[in-house]
Amino acid sequence: MKYNRFSRLIIIVSVFLVFSFSMLFLTVNKGFSIPVINNIVHQSISFISRPFSVSNRWISSNIQSVSDLTKAYRENISLKNSLSALENQEAELATLKSENENLKSNLEFKKGQPTVDFSAATVIDRTSNAWLDELTIDMGSQEDVKENGLVVANNGVIGYIDQVFSTSSTVRLFSNSNQTGFKLSVKLLSKDSTVVYGILSGYDSDLKAFIVSQLNSDSVQVGNQVVTSDLDSKITANLAVGQVMKVEKNANDMSSTVYVKPQADLSTIYSVLVVKK
């Protein structure tokens, strides 16, 4: 029963629409004018087209919004790319500045030691997980580099040649907390010309300081300069190592342990001087 009513409604609406469009056609093309019918037809068409008009206006408005959003997104991407490029350039400039300062300090150090034979080398590898342990330079046996030769950078001794290859060498840094084998003999100079000898035996990562022990005297004070020893014929004497920043008395044997602030900046090493024997 409901189905029949729905079918009848569809038929009535269809007939009405056909009739309305037919009358509109006659009115426009044949010149017929039936005011009542014309009014009904136009109102019907207006009623039917109103939702479509609203939809068109909504679509047009939103198309413009989407266009503006797309334009803003593209501009945002362009600005981000420009900012990233600028940051990369600033990082490169900072690196070049550090490298330049490193080279200048090495040159000044070399001029201050005219009797010492140095060879300049470039750092070609330094991994983040072994930053304070070792680095690799671009000189090896072809340049007559020898094991245990001292290495200088940034105005101070930083380590020694641990392994030598044909065109490169590994430098063991004195900031390595696991110092084994090579022990650097040093002397501590006080203002009253007192000289104390000891051994650079380790590194304290918390204090960021070299550890000097086995002192032959307790006459050590904060501020004393530390250089390489002149008692060890295997190394070059009087190369800057650092400055005493802390003196600690050992309760067991009443000896002292000295903590030395490195002369060299160990965080930025781009080039080095290898001391030739």
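Two strands count as paired if DSSP finds at least two bridges between them. Strand 7 (residues 195–204) and strand 8 meet that rule, with five bridges joining them in an antiparallel arrangement. The model is predicted. Its strands include a closed barrel of six, running 1-2-5-4-3-12 with antiparallel pairing. The twist from one strand to the next averages 45°. Five salt bridges are present in the structure.

**Barrel strands**

- Strand 1 (residues 118–125) runs antiparallel to strand 12 (residues 271–275), and five bridges join the two.
- A120 has L273 of strand 12 as its bridge partner.
- Strand 3 (residues 150–153) is joined to strand 4 (residues 156–164) by four bridges, again in the antiparallel sense.
- V152 is matched with V157 of strand 4 as its bridge partner.
- Strand 3 and strand 4 form a hairpin with two residues between the strands, and N154 takes a positive phi near 50° there.
- Strand 4 also pairs with strand 5 (residues 169–173), antiparallel, over five bridges.
- V164 stands opposite S169 of strand 5.
- Four residues lie between strand 4 and strand 5 in their hairpin.

**Around strand 8**

- Strand 8 covers residues 209–213 and is mostly covered, with five of its five residues buried.
- On the strand 7 side, D204 has A209 of strand 8 as its bridge partner.
- The hairpin of strand 7 and strand 8 has four residues between the strands, and K208 takes a positive phi near 55° in this hairpin.
- Strand 8 pairs with strand 11 (residues 256–262) as well, antiparallel, over three bridges.
- F210 stands opposite V260 of strand 11.

**Strands 6, 9 and 10**

- Four bridges join strand 6 (residues 184–189) to strand 9 (residues 225–228), and the two run antiparallel.
- L189 has Q225 of strand 9 as its bridge partner.
- Strand 9 pairs with strand 10 (residues 240–249) in the antiparallel sense over three bridges.
- Q225 stands opposite Q243 of strand 10.

**Salt bridges**

- E134 and R172 meet through their side chains in a salt bridge, at 3.9 Å from N to O.
- This pair links distant parts of the chain, with E134 in strand 2 (residues 134–137) and R172 in strand 5, 38 residues apart.
- E134 counts as partly exposed because its relative accessibility is 32%, and the partly exposed class lies between the 20% and 50% cut-offs.
- K187 and D230 form a salt bridge at 3.1 Å, N to O.
- K187 is in strand 6 and D230 is in the loop between strand 9 and strand 10, so the pair ties together parts that are 43 residues apart in sequence.
- K187 counts as buried because its relative accessibility is 8%, where buried means under 20%.
- D230, its partner in the salt bridge, is partly exposed, with a relative accessible area of 40%.
- D218 and K249 form a salt bridge, and their closest N and O atoms are 3.9 Å apart.
- D218 sits in the loop between strand 8 and strand 9, and K249 in strand 10, so this pair ties together parts that are 31 residues apart in sequence.
- D218 is partly exposed, with a relative accessible area of 42%.

Terms used
Residues numbered from 1 in each chain as written. Predicted model: local features only at pLDDT ≥ 70, side-chain atom pairs only at ≥ 80, totals over all residues. Heavy atoms only, no water. Axes fitted to C-alpha atoms, helices over the stretch in contact; angles between N-to-C directions. Buried < 20%, exposed > 50% of the residue type's maximum accessible area, 1.4 Å probe, protein only. Salt bridge = Lys/Arg side-chain N within 4 Å of Asp/Glu carboxyl O.
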